[in-house]
Amino acid sequence: MGVKTKEEYLDSIAQMKPTVYMFGQKVESVLDNPRLRAGIEATGATYEIAHLEEYKDMILTHSPLINEPVNRFTLPPLSVEDLVMRVKVNRALGNYVGTCHQRCTGLDCLSTLSIVTYNIDKRYNTNYHKNFLEFLKYMQKNDLVGNAGVTDAKGDRSKGPSQQEDKDLYLRVVEKRSEGIVVRGAKVHQTGSLSSHEIIVLPTRALRKGDEEYAVAFAIPSDAPGLIHVVGRSSLDKREIEGFDIGNLRYSKYCPTLIFNDVFVPWERVFMCGEVEFASEMVLRFSAFHRQSHGGCKAGNIDVMIGTALTLMDYNGTAGASHLKQKVIDMVHRAETLYGCCLAASYEGKREPSGTYYINTALANASKIHEGKELVECIRLMVDIVGGFVADLPSDKDLEHPEIGPLLKKYLKAVDGIPVENRIRMYRLAEKLAMESADVISDIHGGGSPEAHRITILRETDLEKKKRAAQRLAGIVE
Ligand SMILES: Cc1cc2nc3c(=O)[nH]c(=O)nc-3n(C[C@H](O)[C@H](O)[C@H](O)COP(=O)(O)OP(=O)(O)OC[C@H]3O[C@@H](n4cnc5c(N)ncnc54)[C@H](O)[C@@H]3O)c2cc1C
């Protein structure tokens with residue numbers, strides 16, 4: 001099959017027939033829906049750049065599994081260099097699309113499964129790794145996108161899965177048949193589920209004895225019978241439907257709630273079923289990989305904010321203001337620190353028994369904590385630099401209006417020689433970067449809530465070693 005072009009990717013999405021609801025209505029064609037299309041275009045960029053001279057050496061690689069060139073988003077890392085390239089590709093794409101390209105989560109699931117299915121088989125002599133490798137070959141040969149179905153609805157947070165009054169609040173196996181399993185539940189905040197060919201499901205949390213029906217991992221096509229995508233609202237979603245005041249004219253992000261209404265999964269697509277003690281390893285490894293991915297792409301998003309701030313400084317006549325230059329520096333150092341932390345997590349990566357390389361968990365989680373705080377700070381700095389029109393710029397419809405349009409353009413003009421239309425476009429982009437809830441909230445909760453990162457850091461850090469070092473200097477131990 002080979003590495004797809006963007007057009008081939010769009011054709012492959014057009015072939016799928018998922019069940020989709022948005023704003024109370026069924027969506028028959030995801031590609032013809034401008035809201036969803038903007039998200040699918042962002043994933044399309046991962047195909048597009050594979051054929052662009054500037055990026056192709058970065059995103060194309062070789063898969064020893066199928067002995068063919070593949071897009072990196074289908075290759076679990078096989079070296080430290082692969083771990084490093086994950087970050088570089090994500091930064092380049094974060095900069096290219098200015099939002100979420102939605103393809104990293106699928107790779108994070110593949111990378112996790114390539115390690116954990118091997119470990120489960122070693123313990124139980126099961127067939128999960130073989131199932132996984134067949135699935136991986138299919139993903140690589142057809143250059144497909146996977147979505148990460150990790151976050152369950154979770155119900156009452158003080159109770160575990162099997163203690164919930166409604167047993168389906170965590171996705172579970174409700175039936176085992178000779179040909180496969182039937183699953184029921186919901187996965188929420190599913191970034192790009194309709195940009196994906198496959199939904200890859202992993203458990204959302206550590207599990208214990210008694211939770212066996214929840215210890216399940218598998219993959220199914222995004223249009224599998226019984227699967228329902230309900231597209232969530234986000235702050236600027238109607239802009240794409242209306243077709244004006246969009247900001248980012250090329251790309252966007254959407255996150256459906258995904259309902260598994262008794263969905264059948266054949267055994268050959270099952271990667272874990274009942275091995276409760278491996279649920280925590282799945283979650284730990286997925287979240288570490290995903291937190292590392294975030295750092296790369298969000299550094300790329302900050303790059304777009306910096307470009308927006310600098311352009312508007314030129315357009316507003318503030319390019320010489322030294323306090324604004326200082327604020328740009330504050331943005332740049334935040335992007336670079338985030339990037340540096342993810343790169344460090346990669347350089348400290350190690351080979352796992354399955355042959356896949358795994359990052360340094362403490363560094364990956366440290367980068368995500370940094371992201372959660374510093375992205376908000378970068379938005380604040382960008383808004384400070386560019387001014388108040390991020391909040392209340394008149395609509396394109398008013399700017400085009402025969403009576404008030406010319407008046408608005410007169411008063412929105414700034415530096416001589418800069419077309420007023422360009423200034424307006426940049427403010428719209430600044431608004432999208434600062435106010436799009438699907439992006440801004442993912443900086444905080446994407447890949448797990450901030451406390452989850454902190455707990456992981458605590459668990460993964462050798463505190464005793466730090467104590468010993470201090471005690472040695474104080475003459476308490478040798
Ligand atoms: C834009 C966006 C995109 C996302 N994309 C994806 C995706 O593609 N795939 C996917 O699977 N998930 C995705 N997520 C989900 C994300 O991983 C979750 O939002 C995150 O794990 C937090 O879960 P929650 O939203 O249910 O919040 P909660 O788990 O309810 O957490 C809310 C707060 O309560 C605290 N809390 C919760 N339970 C407890 C407890 N028992 N004890 C003490 N404190 C507790 C948390 O620490 C947090 O501070 C996305 C989220 C967002 C916002």
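Domain bounds here come from an automatic or database domain assignment. The model is a predicted one, and the assignment splits its chain into domain 1, residues 6-277, and domain 2, residues 282-473. Between the C-alpha centres of domain 1 and domain 2 the distance is 24 Å.

The two domains touch. Domain 1 brings 49 residues to the contact, and domain 2 brings 45 residues. On the side of domain 1 that touches domain 2, helix 4 (80-97) and helix 5 (104-124) each supply at least two residues. Helix 4 has the largest share of that side, with twelve residues. Sorted by class, the side of domain 1 that touches domain 2 consists of 25 nonpolar, 17 polar and seven charged residues.

The ligand is the next point to look at. Which domains contribute to the shell around the ligand? Domain 1 (6-277) and domain 2 (282-473) each give at least three residues to this shell. In total, 22 residues surround the ligand, and V150, T151, H189, T191 and S442 are the closest. Two elements, strand 5 (146-149) and helix 15 (437-445), give two or more residues to the shell. Of the elements, helix 15 gives the most, namely four residues.

The class make-up of the shell around the ligand can be set beside that of the domain contact. Polar residues number 13 in the shell, alongside five nonpolar and four charged residues. For the side of domain 1 that touches domain 2, the corresponding figures are 17 polar, 25 nonpolar and seven charged.

Note on methods:
Residues are numbered from 1 along each chain as its sequence is written. This is a predicted model: local features need pLDDT of at least 70, side-chain atom pairs count only at pLDDT 80 or more; totals for chains, interfaces and linings use all residues. A residue is near a molecule or strand if its C-beta atom, placed from the backbone, lies within 6 Å of it. Ala, Val, Leu, Ile, Met, Phe, Trp, Tyr, Cys and Pro count as nonpolar, Asp, Glu, Lys and Arg as charged, and the others, Gly among them, as polar. Two residues are in contact if their C-beta atoms, placed from the backbone, lie within 7 Å.
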